[in-house]
Amino acid sequence: MFLSTFEKQVDAKRRIVVPQEFRALVSGPFDGIVCFPSIEADCIEGGGRALFDRYIALMDEMPFGDPVRSAIELSVLGGQAKMSFDTAGRITLPEQLCDQFGLTDWVVLVGLGDRFQIWEREAFQAHRAAQRELARAGLAELRAQQRAAKLGAA
């Protein structure tokens, strides 16, 4: 699983060092990662073959020509970039994705289990704060439902 959060500097050639923990998860015939514009947030989403296979399975559940399937295909398949690691464990971020998400000097790589995201540092800080509030409210609501169910069963 991709876990934890790492801040990395982007060099003049748009290269970043991918954390060793992330590189170890995607080792295999293709020594690198796939990245594409995230569907759910303003960042890059990335991972290995398992992530790609998961999106293919999701698309295969929808009929050919379904507008949602077409939108996912355009985002994931059409926006995908394969990036190999160099000898220092770096990847070169595509210029188009850097421009799209404002990735210039510092980025944040966030592990999300079967995938990770690459964020512009300040955008991630705002996103993390909003997600924390959403998680807090959602957890409080879940606990309230659990208490209500427990009282109803008693």
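The following conversation asks how the names given to parts of this predicted model are justified.

Author: This is a predicted model, in which local features need pLDDT of at least 70 and side-chain atom pairs count only at pLDDT 80 or more, while totals for chains, interfaces and linings use all residues. Residues are numbered from 1 along each chain as its sequence is written, and side-chain values use heavy atoms, with hydrogens and water left out.

Reader: How do you know that the structure holds zero disulfides?

Author: A disulfide is a pair of cysteine sulfur atoms within 2.5 Å. The closest cysteine sulfur to that of Cys-35 belongs to Cys-43 and is 10 Å away, which is too far for a bond. Cys-98 is in no disulfide either, since its nearest cysteine sulfur, that of Cys-35, is 10 Å away. The count of disulfides in the structure is accordingly zero.

Reader: Why are Cys-35 and Cys-98 called buried?

Author: Buried means under 20% relative accessible area, exposed means over 50%, and partly exposed is in between, with a 1.4 Å probe and protein chains only. Cys-35 has a relative accessible area of 0% and is therefore buried, and Cys-98, with 3%, is buried as well.

Reader: What makes a group of 22 residues a nonpolar core?

Author: A nonpolar core is a set of buried Ala, Val, Leu, Ile, Met, Phe, Trp, Tyr and Cys residues joined through side-chain atoms within 4.5 Å. In the largest nonpolar core, which has 22 residues, Ile-16, Ile-33, Ile-44, Ile-91, Leu-93, Leu-103 and Ile-118 touch the most other members. Strand 3 (32-37), helix 4 (95-101), strand 7 (106-111) and strand 8 (116-120) each supply at least two residues of this core, and helix 4 gives the largest share, three residues. Helices (H or I, at least four residues) and strands (E, at least two) are DSSP runs, numbered from the N terminus. In soluble globular proteins, nonpolar side chains tend to be buried together.

Reader: Which residues is Ile-44 in contact with, leaving aside its neighbours within four places in sequence?

Author: Contact means heavy atoms within 4.5 Å. With those neighbours left aside, the contacts of Ile-44 include Cys-35, Leu-93, Leu-97, Phe-101, Leu-103 and Ile-118.

Reader: Why is the pair Glu-40 and Arg-115 called a salt bridge?

Author: A salt bridge is a side-chain nitrogen of Lys or Arg within 4 Å of a carboxyl oxygen of Asp or Glu. The side chains of Glu-40 and Arg-115 meet at 3.4 Å, N to O, so the pair satisfies that cut-off. Glu-40 lies in the loop between strand 3 and strand 4 (44-47) and Arg-115 in the loop between strand 7 and strand 8, so the pair ties together parts that are 75 residues apart in sequence. The structure holds twelve salt bridges.

Reader: What makes Glu-40 and Arg-115 exposed or buried?

Author: Glu-40 has 56% relative accessibility and so counts as exposed, whereas Arg-115, at 17%, counts as buried.

Reader: How do you know that Arg-69 meets both Asp-60 and Glu-73 in salt bridges?

Author: The N to O distance is 4.0 Å between Arg-69 and Asp-60, and it is 2.7 Å between Glu-73 and Arg-69. Glu-73 and Arg-69 both lie in helix 3 (residues 67-77), four residues apart, about one turn of the helix. Arg-69 is buried at 13%, Asp-60 counts as exposed at 53%, and Glu-73 counts as partly exposed at 21%. Elsewhere, salt bridges that share partners join Glu-40, Glu-45, Arg-54, Asp-114 and Arg-115 into one network.

Reader: Why is the link between Arg-15 and Asp-11 called a polar contact?

Author: A polar contact is a pair of N or O atoms within 3.5 Å; within protein, one must be able to donate a hydrogen and the other to accept it, and residues adjacent in sequence count only if both atoms are side-chain atoms. The side chains of Arg-15 and Asp-11 are joined at 2.7 Å, so their distance satisfies the cut-off. Arg-15 itself lies in strand 2 (residues 15-17).

Reader: What makes Arg-23 buried or exposed?

Author: Arg-23 lies in helix 1 (residues 20-25), and at 18% relative accessibility Arg-23 counts as buried. Not counting residues up to four places away in sequence, Arg-23 touches Val-17, Val-18, Phe-85, Ala-88 and Gly-89.
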